[in-house]
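Trainee: I'd like to learn how to read a model like this one. Could we go through it feature by feature?

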Amino acid sequence: MANDLTKLAARIANLERRLTQQTRTSRLAYSSLEDGAVEVYDADGSLRAIVGQQPDGTTGINVVNGPTPPTPTAPFVESALAALTITWDGGFADADYAPLDWMRCEVHIGLAPDFTPDQATLRDTIESPQGGTVTVPVPYSTHFVRLRTRTTSGVAGAATSTVVGSPRKAATTDISAGAVTADLIAADAIAGKNITGGTITGSTIQTASSGQRIVLNYVTNTITVYNANDDVVAQVVPEGNYGGGGFWSRGFQSPVNIYSQLANGKLIFNTIDGAAITDGGLSFTLAPSSKAAQLVIDSGSATQANPPATIRLNAKSNSLARPTVTISDNGSGPCDLQVTGKVTANGIGTPLVARATSDRSRTSTGLTDDPELRFTVSPSTTYLLTGWIKYSAGTDGDIVLDWTIPSGALGEWAGHGPGVTLISTNDGPGTLIADTASTRGYLLRAESNDISQARTFGGTGDAQPYSVFIMGILRVQGTGGLYALQWAQGSSSTVETTVFADSWLRLEPVP
């Protein structure tokens with residue numbers, strides 16, 4: 001029994017000795033991480049760091065959920081040439097030193113004093129916790145600057161108060177007059193830039209020394225354009241070139257080379273070698289005293305035997321006279337005018353034609369415009385009126401024709417068509433009937449009527465179609481507008497009054 005107790009005591013002592021050795025040895029001295037990571041938590045159980053394999057596949061130490069960093073001291077802002085110089089002294093408004101997870105100090109610039117720093121206002125960073133200075137280019141206006149710090153875990157601190165600043169423009173304190181001389185400017189140092197509001201002096205300024213280029217010559221007061229073959233193709237000259245100053249250009253073309261010149265109210269065309277007998281072109285003349293103006297278009301001519309064609313557009317001095325267009329043989333005689341296609345113009349006889357495309361019937365005595373037999377007429381224009389109206393009407397209903405005219409329009413019209421009674425050799429007034437072999441006949445209306453006066457024409461009630469042949473004149477005054485045929489029954493009748501398809505009206509403008 002004593003021997004067993006001795007053995008038990010020895011084993012307990014051995015275990016205590018081995019336990020003491022284990023507690024004195026590092027627990028990870030002979031450990032490794034296999035495709036994993038060790039997560040570090042604070043006393044509140046919040047994840048603060050990941051050591052080892054990161055979620056994105058990289059390996060390292062990733063600090064997360066760090067505390068909010070302190071606020072930097074307000075920046076010192078100075079004006080610079082088209083920029084602001086911003087300095088941070090490395091201090092903090094609410095801490096004595098930078099936290100160990102400090103990463104950088106952000107420089108934000110906004111246009112309002114109460115702007116909120118964000119990615120859009122971030123203009124630069126200071127990478128040292130001891131402070132630093134950055135220069136930020138800005139437009140010429142007032143700007144507001146704020147700083148804030150950011151930690152390695154991505155947490156941003158509160159921003160500083162706003163400091164205002166404005167960039168300065170170049171002045172005598174930057175570049176004094178005459179400070180930059182020709183020997184101080186390197187070759188090709190000025191390229192692709194604008195020179196605004198200054199004066200460049202010298203005898204010649206050119207875009208290239210040879211080949212295709214533009215040359216401004218101070219001595220001759222000319223601007224000359226050359227092509228790739230060193231040929232002059234255009235020039236702005238004060239005087240003396242091709243009959244005068246202004247702008248002229250040269251076109252190298254087959255079979256002859258042509259030049260054009262714009263000067264003294266004229267655009268002139270001719271050959272370089274002067275082969276054309278007369279110039280072609282446009283010219284404008286104005287006589288303020290007589291209030292007359294003229295624009296002349298001249299074709300020019302190649303030989304004396306073929307005089308040029310000329311078009312003259314004249315604005316007359318007399319306010320009551322209409323402008324004129326003259327087409328002539330160099331102003332001395334008539335010439336032919338050839339037109340391909342349809343000519344549409346007011347005042348030269350181009351007719352206006354309206355045709356009914358379907359039959360239309362009415363049983364009312366109220367005059368209304370026909371939807372197809374109508375025109376839009378021009379002011380101050382005279383028209384000859386012709387037409388043919390095919391209709392049928394009852395014996396009692398008949399048909400009344402009238403017109404819608406523009407305000408102030410004048411003129412007359414006549415309608416040659418059957419009257420409401422017939423001529424008879426029998427006793428009694430007689431009635432209008434269809435054509436038969438008898439001693440009776442039609443009463444033909446031939447009165448001349450005012451352009452706004454209505455006329456009634458007869459019907460026989462047996463669907464017999466009749467015609468009214470229309471002639472007249474319409475003189476539109478200062479107001480143009482709608483000119484339309486109106487029609488209705490002369491007396492109320494249940495027998496329809498019908499205007500048939502292919503009835504037509506025609507207006508022809510005349511001087």
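Trainee: Let me start with one spot. Which residue in β10 stands opposite Phe144?

Mentor: That's Val164. Before we go on, keep in mind that this is a predicted model: local features need pLDDT of at least 70, side-chain atom pairs count only at pLDDT 80 or more, and totals for chains, interfaces and linings use all residues. Numbering starts from 1 along each chain as its sequence is written, and side-chain values use heavy atoms, with hydrogens and water left out.

Trainee: How many helices and strands does the protein have?

Mentor: The labels come from DSSP runs, counted from the N terminus: a helix is H or I over at least four residues, a strand is E over at least two. By that reading, the protein has 1 helix and 34 strands.

Trainee: So how do I read a sheet? In which order do β6, β7, β9 and β10 line up?

Mentor: Look for pairs: two strands pair if DSSP finds at least two bridges between them. Here the 4 strands make an open sheet, ordered β7-β6-β9-β10 and paired antiparallel. β7 (122-126) and β10 (163-165) are the edge strands with a single partner each, so one side of each has no neighbour in the sheet. Strand β9 (residues 143-151) runs antiparallel to β10, and 3 bridges join the two.

Trainee: Can we try that on another sheet? What is the order of β1, β2 and β3?

Mentor: These 3 strands form an open antiparallel sheet in the order β1-β2-β3. β1 (37-41) and β3 (59-63) sit at its edges, each with a single partner strand, so each has one side without a neighbour in the sheet. Between β2 (residues 47-53) and β3 there are 5 bridges, again antiparallel. Over in β3, Val63 is the residue opposite Ala49.

Trainee: Next, burial. Is Asp101 buried or exposed?

Mentor: Go by relative accessible area: under 20% is buried, over 50% is exposed, and anything in between is partly exposed (1.4 Å probe, protein chains only). Asp101 comes out at 14%, which means that it is buried. You'll find Asp101 in the loop between β5 (83-88) and β6 (102-110). Across the protein, 30% of the 511 residues count as buried.

Trainee: And which residues does Asp101 contact, beyond its neighbours within four places in sequence?

Mentor: A contact means heavy atoms within 4.5 Å. On that basis, Asp101 touches Gly66, Pro67, Thr151 and Thr152, leaving out neighbours within four places in sequence. Take Thr152: it is 51 residues from Asp101 in sequence, while their C-alpha atoms are 5.4 Å apart. Looking at the protein's contacts with a separation of 6 or more, 55% are between residues 24 or more positions apart.

Trainee: How many salt bridges are there in the whole structure?

Mentor: The test is a side-chain nitrogen of Lys or Arg within 4 Å of a carboxyl oxygen of Asp or Glu. A search of the whole structure turns up 7. One of them joins the side chains of Arg148 and Glu106 at 2.9 Å, N to O. Arg148 is in strand β9 and Glu106 in strand β6, so the pair ties together parts 42 residues apart in sequence. Both Arg148 and Glu106 are buried. A salt-bridge network links Glu106, Arg148 and Arg150.

Trainee: What about Arg355: which side chain meets it in a salt bridge?

Mentor: That's Asp502, at 2.6 Å, N to O. This pair links distant parts of the chain, 147 residues apart: Arg355 is in strand β22 (residues 352-355), and Asp502 is in the loop between β33 (497-499) and β34 (504-510). Arg355 is partly exposed at 44%, and Asp502 is partly exposed too, at 39%.

Trainee: Last one, pockets. How much space lies in the second largest pocket?

Mentor: On a 1 Å grid over the protein atoms alone, a pocket is an open set of points where a 1.4 Å probe fits, with protein on both sides within 12 Å along at least five of seven lines; lining residues have an atom within 4 Å of a point. Points are joined across faces, edges and corners, and the volume is the space filled by probe spheres set on them. For the second largest pocket that gives about 200 Å³. It has 13 lining residues, and the closest to its centre are Asp279, Gly280, Gly281, Ser283 and Asp298. At least two lining residues come from each of β17 (266-271), β18 (280-287) and β19 (292-298). β18 gives the most, with 4 residues.
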